[in-house]
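Q: Hi! Could you help me find my way around this structure? I'd like to ask a few quick things.

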Amino acid sequence: MSLLAQADAKEAVVLLHGVALSRWFMSSIARRLEAAGYRAVNLSYPSRTISIGEISGSWLPARLAQTGVTTAPRVHFVAHSMGTLLVRHLLGHAHPANLGRTVFIAPPSRGAELADIGRPQWLFRTVIGVNLHGLGMSGDAFWRTLPHSVDYPLGIVAGTGHGNPFGRNLPVPNDGTVTVESTQLAGAADSIELPWSHTGMLFHRRTADQALHFLRHGRFDHGDNETTER
């Protein structure tokens, strides 16, 4: 079997980073998934310069078509922060016929208060770019345009580590950027809290292991040895 045919035969996992980051931040998780036999499709997208709606509405579907994941036996998603909003928008419009399972890491499912209260605002605007307002809690924030419940197998990873000094005034528990309460979505199959910060959790092996466990079993490893069959 050729290398191309071998790749086509694997289940694919699309990885999407958060705002102002790049695919490099998801590389540890991507390597763990590839070692477990998946084809990791780790994408970078223009999170600072193009609106969330444009990225999710046109850029992402076109990029997925180019990668060929629509022909994989199954396609899963593992997304971080703003990347989770892109997936919610995509799957809210249509499910790929081969859709598998989805993991959201530190998702601002109901907005990120830090986008509104972070000071100095000029610094946040400089770092985050055009999507700062859309990530917040305002009445026209992007997440409010999305379905507020999911109808696909979703696992949510929330952080409780306070690694961001700008987030010291957020309601607890939080990951320094997003509160645990704000990560939740109705209809999710499972959720778990990990003791790390919003971005820091991407570099811990346990985060990758939990993502892998959910993709395989439809639930996280809570230490009770119970699993759901594929």
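A: Happy to; we can talk about one strand and its neighbours, then one histidine, keeping in mind that this is a predicted model.

Q: Great, let's take strand β3. How many of its residues are buried?
A: Strand β3 covers residues 75–80, and six of its six residues are buried.

Q: And which residues sit on each side of β3?
A: Val75, Phe77 and Ala79 are on one side, while His76, Val78 and His80 are on the other. Both faces of β3 are covered.

Q: Why do the side chains split into two sets like that?
A: Because in a regular strand the side chains alternate between the two faces of the sheet.

Q: OK, so which strands does β3 pair with?
A: One is strand β1, residues 12–16, which pairs with β3 in the parallel sense over five bridges. There, valine 13 stands opposite histidine 76. Strand β4, residues 99–105, also pairs with β3 in the parallel sense over five bridges. On that side, valine 75 has leucine 99 as its bridge partner.

Q: What do β3, helix α4 and β4 make together?
A: They make a right-handed β-α-β unit, with α4 spanning residues 82–93.

Q: Switching topic: where is histidine 213?
A: Histidine 213 lies in helix α8, which runs over residues 205–217.

Q: Is histidine 213 buried or exposed, and why?
A: Histidine 213 counts as buried because its relative accessible area is 16%, and the cut-off for buried is under 20%.

Q: What does its side chain reach?
A: The side chain of histidine 213 reaches the backbone oxygen of arginine 219, at 2.8 Å.

Notes. Residues are numbered from 1 along each chain as its sequence is written. This is a predicted model: local features need pLDDT of at least 70, side-chain atom pairs count only at pLDDT 80 or more; totals for chains, interfaces and linings use all residues. Side-chain values use heavy atoms; hydrogens and water are left out. Helices (H or I, at least four residues) and strands (E, at least two) are DSSP runs, numbered from the N terminus. Buried means under 20% relative accessible area, exposed over 50%, partly exposed in between (1.4 Å probe, protein chains only). A polar contact is a pair of N or O atoms within 3.5 Å; within protein, one must be able to donate a hydrogen and the other to accept it, and residues adjacent in sequence count only if both atoms are side-chain atoms. Two strands pair if DSSP finds at least two bridges between them. A crossover is right-handed if, with the strands pointing away from the viewer, the path from the first strand over the helix to the second runs clockwise.
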